[in-house]
Structure formats: C-alpha cells, structure tokens
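Here is a set of short exercises with worked solutions. Try each task on your own before reading on.

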Amino acid sequence: MLDTVIENLLALQECDAHRDNIENQLERIPLEITRTEEKIQQELEAIAAAKNAVMELEVRRKDLDIEIKSAEEQAAKYKNQQLLVKKNEEYAALQHEISGMADKISDLEDSELGVMIEIDDAVKSAKSEEEERNGSIGDLRTLISKREQHRTEFEAQLESAINAVNSAAAELDEKSLQVYQYVKKKAKRPPFIVALENQKCNGCHLRVPNEIQGNIHKKGELTRCNSCGRILYSA
Ligand SMILES: [Zn+2]
C-alpha cells in the first residue's frame, strides 16, 4: 500500500512534469518562429534573385540595342560619305567600312537573339520558381500562426498547471517537500519518486542494501536510493 505522503509526492511529480512540459514547449516556440521567419526570408530572396536575373538580361538586351543602333548610324554615315567621294580608292575604303559595319550589326543581332531566348527561359523559370516558393512561404506562414496559436494555448494551460503544482505541494508537509525539491534538483530528470522492486531502484536499476529495503516500510520518513538519491516506495 502506498503511503499518503508517497501518493501526494507522486501527484506533485505528475503536476510538476506537466508544468515543465508546458514551459519547455513555450520556451521553444520563439526560436521555432525565428527559424521559420528566416526560411521565409530565404524564399523571398530566392524569388528576388530570379527576378533580378531577368532584369540583368533585359539590361544586356538594351545595351545590345544601343550598340546596334549606333552601328547602324555609323553605317548610314559611311553611305552618305560614299555619295560625296570622287576617288575610287576612297569609295572602296568606305565600302570596306560599310561591309565591316554590316558584319558587326549581324553579330550584334545574333547576340541579341540569344539574349532574347535567355530572357524567355529566365522569365519562365522565375515565374515557376515564384509560384513554388510562394507555396512554401504560405506553408511556413501557416506554421508560424499555428505556433502562435499554440503559444496562446500553452500560456493559458500554464496558469492552471502552476496552480495544480501549488495545490499538490500544499498537500505535503514541509520536510517531504524539501526532500522532493532536493531530489528533483539532484536527479535532474524525472521520475524522482520510484518504486523499489526486488530490492532494485526503478530509477537507476541498481540494487539497494538491505538496510534501505528495511527502512522503506517505516512510516514517517522518506527513503532514498543510495545510488541515485531518488525517493523510493515499496512496489
Ligand atoms: Zn536509484
């Protein structure tokens, strides 16, 4: 038969574990939210980078356009000059320049066509990337609002959990409570009150001396494991 003190201690241990669990969950939430916000930021940056790649290609295309126009103007100038020259050599020299300019324009137009194809591809991939990443961002935002909702729930639960701990502690005498607090601090991880089965502590699984085994049935005093320090009760 469990003695009343042990029963009350087990109740306190349960309330304590419940409160600790809520506190741990609450502690983790801000970090989880920060990490999720960082992921959203990364997604937004990736979307911006894809759009930027399109813009850079458009700048290249505009530059090529300008180069083509200036080459065309140069070619037109040579043609006008050609109308004015009288010597055959001068005419031939200008003809050479004109044909060089035509080659240059043709090369520039090829490059521009290449860039236009690149723009098409970049626009498509930026669009699909944006859609995909916006989907992820939506999921991540849902996650954040869920965690915020959990925080509100946990905060509400924490108050009643603390009250439960206080009520459970009020059932105990000062000395037993002190022993429990001491064991809790020392053992760090629950359980702090364990059964003694076949002379073995259920906390550390080590065998206790006969003296401890004998003490456990004596009323009025808590018995602790000589190895791990946990409070023992007879199973
Ligand atoms: Zn032990």
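**Exercise 1. Strand β1 and its cover**

Task: Find how many of the residues of β1 are buried.

Solution. Step 1: Strand β1 is mostly covered, with four of its five residues buried. Step 2: Keep in mind that this is a predicted model. Step 3: Locate the strand, which spans residues 193–197. Step 4: Look for a helix over it. Helix α1 (residues 4–84) lies across β1 and β4. Its direction is at about 125° to β4.

**Exercise 2. The sheet**

Task: Work out the strand order of the open sheet, and say which strands stand at the edges.

Solution. Step 1: The sheet has four strands, in the order β2-β1-β4-β3. The pairing is mixed. Step 2: Read off the edges. Strands β2 and β3 each have a single partner strand, so one side of each is left without a neighbour in the sheet. Step 3: Recall the background. Strands of a sheet pair through backbone hydrogen bonds, either parallel or antiparallel. Step 4: Check the pairs of β1. With β4, strand β1 pairs in the parallel sense over four bridges. Here Ala195 has Tyr233 of β4 as its bridge partner. With β2, strand β1 runs antiparallel, and two bridges join them. Here Leu196 has Cys201 of β2 as its bridge partner.

**Exercise 3. The turn between β1 and β2**

Task: Describe the link between β1 and β2, and give the phi of Asn198.

Solution. Step 1: The two strands form a hairpin with two residues between them. Step 2: Asn198, in the turn, has a positive phi of about 50°. Step 3: Gln199 also lies in the loop between β1 and β2. Its phi is positive too, about 65°, although Gln199 is not a glycine. Step 4: Compare with the general rule. Most residues other than glycine have a negative phi, and most peptide bonds are trans. Step 5: Is Gln199 buried or exposed? Its relative accessible area is 10%, under the 20% cut-off, so Gln199 is buried.

**Exercise 4. Two more backbone features**

Task: Describe the backbone at His205 and at the bond from Pro190 to Pro191.

Solution. Step 1: His205 has a positive phi of about 65° and is not a glycine. Step 2: Place His205 in the loop between β2 and α4 (210–215). Step 3: Its relative accessible area is 54%, over the 50% cut-off, so His205 is exposed. Step 4: Turn to the prolines. The peptide bond from Pro190 to Pro191 is cis, with omega near 5°. Step 5: Pro191 sits in the loop between α3 (174–187) and β1.

**Exercise 5. The zinc site**

Task: Name the residues that coordinate the zinc ion, then give the geometry of its site.

Solution. Step 1: The donors are the SG atoms of Cys201, Cys204, Cys225 and Cys228, at 2.2 to 2.3 Å. Step 2: The angles among the four donor atoms are 106 to 115°, and the site is tetrahedral. Step 3: Along the sequence, the donor residues follow the spacing C-x2-C-x20-C-x2-C. Step 4: Place two of these donors. Cys201 is in strand β2 (residues 200–201), and Cys228 is in the loop between β3 (223–224) and β4 (231–234), so this pair ties together parts that are 27 residues apart in sequence. Step 5: Cys201 and Cys228 are both buried.

**Exercise 6. Domains and helices**

Task: State how the chain is divided, then examine Gln25 and Ile162.

Solution. Step 1: The chain has domain 1 (14–169) and domain 2 (173–235). Their C-alpha centres lie 63 Å apart. Step 2: Find Gln25 in helix α1. Its relative accessible area is 19%, under the 20% cut-off, so Gln25 counts as buried. Step 3: List the contacts. Leaving out residues up to four places away in sequence, Gln25 touches Arg147 and Phe154. Step 4: Find Ile162 in helix α2 (residues 88–170). With 32% relative accessibility, Ile162 is partly exposed. Step 5: Relate Ile162 to His18. The two are 144 residues apart in sequence, yet 9.1 Å apart in space, C-alpha to C-alpha.

Technical notes. Residues are numbered from 1 along each chain as its sequence is written. This is a predicted model: local features need pLDDT of at least 70, side-chain atom pairs count only at pLDDT 80 or more; totals for chains, interfaces and linings use all residues. Side-chain values use heavy atoms; hydrogens and water are left out. Donors are N, O and S atoms within 2.8 Å of the metal (3.2 Å for Na, K and Ca); water is not among the atoms, so sites may look incomplete. Four donors count as tetrahedral if all angles lie between 85 and 135 degrees; four count as square planar and six as octahedral if opposite donors are over 155 degrees apart and all others between 65 and 115; anything else is irregular. Buried means under 20% relative accessible area, exposed over 50%, partly exposed in between (1.4 Å probe, protein chains only). Domain bounds come from an automatic or database domain assignment. Two strands pair if DSSP finds at least two bridges between them. Contact means heavy atoms within 4.5 Å. Axes are lines fitted to C-alpha atoms, for helices over the stretch in contact, and angles run from 0 to 180 degrees between N-to-C directions.
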